[in-house]
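The following exercises are to be worked with the sequence and the coordinates at hand. Each task is followed by a solution in steps.

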Amino acid sequence: MRFRFFVSIFVRMMKHFFESGSAERNVLLRTVVVAVGLFLWACSEGDGNEDSVPLPGPPAQPEPLPGETYRFPELPANWTEPTGNRATIKGDLAFFTHWSQSVKSKKSVRNYSYCYDMRRHNPVWVAYPLHAVYREGGTGRTDPDPWMPDPVLDATCQSKIYKSEGDGEGIYDGYQFWGTATMAALGRGGYWSKGHLCMSSERGGAGSELNMQTFYPTNIAPQSSAGASDFATVWSYAESLFSGTNDYKNTDFAADDGRQNINIVADTLFLVAGCYYEHENWKDYDASNYNYSPTTCGESKICVMPTHQFKMALRTRKGNTGKCIADCTADELQAIGFWIEAFPSVSGTSATAELKKIAVPVAFIEQKTGIEFFPDVPASVKERFDPADWGF
């Protein structure tokens with residue numbers, strides 16, 4: 001009200017000013033100065049009534065970048081946050097997080113983060129969340145497989161396990177595999193297959209960016225094929241425990257019984273998978289064609305093959321607390337790890353028996369790798385595990 005009152009007076013005074021003589025104008029000019037002062041006072045003071053004019057607030061702050069103000073619980077302690085749209089390099093290691101959109105709801109979601117070894121040309125670890133939002137595309141896989149170099153990292157630093165232009169027409173033609181010298185030296189058949197650490201089916205959606213990003217070398221580890229060992233079977237049991245919904249290979253554990261996996265909880269399941277090197281004696285060229293003739297191309301380079309691979313998981317016990325991991329007590333959390341040698345053999349008893357052979361505390365994997373995983377979690381959580389908590 002005060003504001004309107006002074007506006008009305010000010011307008012009348014200015015009208016009289018222009019209609020007056022010069023003597024009167026001098027008086028009016030002084031009055032106008034006083035009126036302007038009162039006018040500004042009216043603008044700056046509120047009287048608690050709906051017509052008062054508040055002072056302007058502080059300028060709006062930009063939205064923080066994804067991950068800028070909150071450390072995602074699946075990120076190991078050696079994580080280095082990228083500062084742009086290229087992988088951050090620290091020594092021989094490259095770090096990046098791929099973001100994408102969920103298939104149907106179009107929510108911005110983090111796909112996976114990685115630490116990639118540019119000397120060995122294989123991942124150190126890949127960390128990612130699993131939640132119902134990632135299941136919107138089902139388990140659909142892009143066809144044909146969209147193998148390609150990770151666009152945020154120099155291709156020469158990555159394994160060339162994708163087809164280049166002119167490599168060949170057939171789906172398996174071209175220099176898109178590792179060689180088999182290690183297999184031959186160990187007296188084994190088979191080859192190194194391209195194993196997703198974050199599974200394609202965990203980011204299902206044929207033709208979606210969410211799915212296609214999982215085919216970058218930064219998410220792919222060399223895994224011995226069926227002709228060399230039972231690695232694929234053992235690894236698939238661990239995958240099914242955390243994300244299976246189709247009773248894969250007739251698994252006998254409750255987590256994978258053909259319904260929604262019990263470990264994909266509302267609070268989110270956090271996963272880390274990666275490679276370990278007991279030694280560096282196993283070396284094979286990438287950009288090979290399974291060592292068929294010709295064995296390699298001009299882009300081939302030596303890659304160190306892992307002696308072991310690991311997978312670990314973290315979740316809340318109840319699954320629906322609505323709390324951040326960092327805000328949970330030790331009693332509210334559970335964690336587990338799996339430690340798998342490169343050339344395992346299954347006993348043929350049951351999937352549960354195989355899982356129990358490779359199950360370890362997260363602390364064991366920390367000790368072996370020298371990397372702290374799930375750094376927000378109390379040590380006591382990472383020193384124990386109970387198979388029953390995970391449905392096997």
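**Exercise 1. A strand and its surroundings**

How many of the 9 residues of β11 are buried?

Solution. The model examined here is a predicted one.

Step 1. Apply the cut-off: a residue counts as buried when its relative accessible area is under 20%.

Step 2. By this criterion, 8 of the 9 residues of β11 are buried, so the strand is largely enclosed by the rest of the structure.

Step 3. Set this beside the chain as a whole: of the 392 residues of the protein chain, 49% count as buried.

Step 4. Identify an element that covers the strand. Helix α7 lies across β7, β10, β11 (333-341) and β12, and runs at about 50° to β11.

**Exercise 2. The order of the strands**

Determine the strand order of the open sheet of 8 strands, and state which strands stand at its edges.

Solution.

Step 1. Begin with the inventory: the protein chain contains 8 helices and 12 strands.

Step 2. Trace the pairing across the open sheet of 8 strands. The order is β1-β2-β3-β4-β7-β10-β11-β12, and the pairing is antiparallel.

Step 3. Locate the edges. β1 (88-90) and β12 (359-360) each have a single partner strand, so one side of each is left without a neighbour in the sheet.

Step 4. Recall the principle that strands of a sheet pair through backbone hydrogen bonds, in either a parallel or an antiparallel manner.

**Exercise 3. Registering the strands from β7 to β12**

For the pairs β7 with β10, β10 with β11, and β11 with β12, give the number of bridges.

Solution.

Step 1. β7 pairs with strand β10 (residues 308-316) in the antiparallel sense over 7 bridges. The register can be read from Gly274, whose bridge partner in β10 is Phe310.

Step 2. β10 and β11 also run antiparallel and are joined by 9 bridges. Here Ala313 is placed opposite Ile336 in β11.

Step 3. Between β11 and β12, again antiparallel, there are 2 bridges. Phe338 has Ala359 as its bridge partner in β12.

Step 4. Return to Phe310, the partner of Gly274. Phe310 also belongs to one aromatic cluster with Tyr276, Trp339, Phe364 and Phe373.

**Exercise 4. A salt bridge between two loops**

Which parts of the chain does the salt bridge between Glu280 and Arg120 tie together, and how far apart are they in sequence?

Solution.

Step 1. Establish the contact: the closest N and O atoms of Glu280 and Arg120 are 2.7 Å apart, and the two residues form a salt bridge.

Step 2. Place both residues. Glu280 lies in the loop between β7 (269-276) and β8 (283-285), and Arg120 in the loop between β3 (108-117) and β4 (122-130), so the pair ties together parts that are 160 residues apart in sequence.

Step 3. Compare their exposure. Glu280 is partly exposed at a relative accessible area of 25%, whereas Arg120 is buried at 17%.

Step 4. Extend the view to the neighbours: a network of salt bridges links Asp117, Arg119, Arg120 and Glu280. The structure holds 13 salt bridges.

**Exercise 5. Two further salt bridges**

Are the partners of the salt bridge between Lys382 and Glu366 buried or exposed? Carry out the corresponding analysis for Arg259 and Asp257.

Solution.

Step 1. Lys382 and Glu366 form a salt bridge in which the closest N and O atoms are 2.9 Å apart. Lys382 belongs to helix α8 (residues 379-382) and Glu366 to helix α7 (residues 362-369), so the pair ties together parts that are 16 residues apart in sequence.

Step 2. Both Lys382 and Glu366 are buried.

Step 3. Arg259 and Asp257 form a salt bridge with their closest N and O atoms 2.5 Å apart. Arg259 is exposed at 59% relative accessibility, and Asp257 is partly exposed at 33%.

**Exercise 6. An aromatic pair within a helix**

What is the geometry of the aromatic pair formed by Phe231 and Trp235?

Solution.

Step 1. Count the aromatic pairs: there are 18.

Step 2. Phe231 and Trp235 form a stacked pair, 5.6 Å centre to centre, with 20° between the planes.

Step 3. The two residues are 4 residues apart in helix α5 (residues 231-243), which means that about one helical turn separates them.

Step 4. Phe231 is buried at 1% relative accessibility, and Trp235 is buried at 3%.

Methods. Residues numbered from 1 in each chain as written. Predicted model: local features only at pLDDT ≥ 70, side-chain atom pairs only at ≥ 80, totals over all residues. Heavy atoms only, no water. Salt bridge = Lys/Arg side-chain N within 4 Å of Asp/Glu carboxyl O. Buried < 20%, exposed > 50% of the residue type's maximum accessible area, 1.4 Å probe, protein only. Pairing = 2+ DSSP bridges. Contact = heavy atoms within 4.5 Å. Axes fitted to C-alpha atoms, helices over the stretch in contact; angles between N-to-C directions. Phe/Tyr/Trp six-rings, centres within 6.5 Å; stacked < 30°, edge-to-face > 60°.
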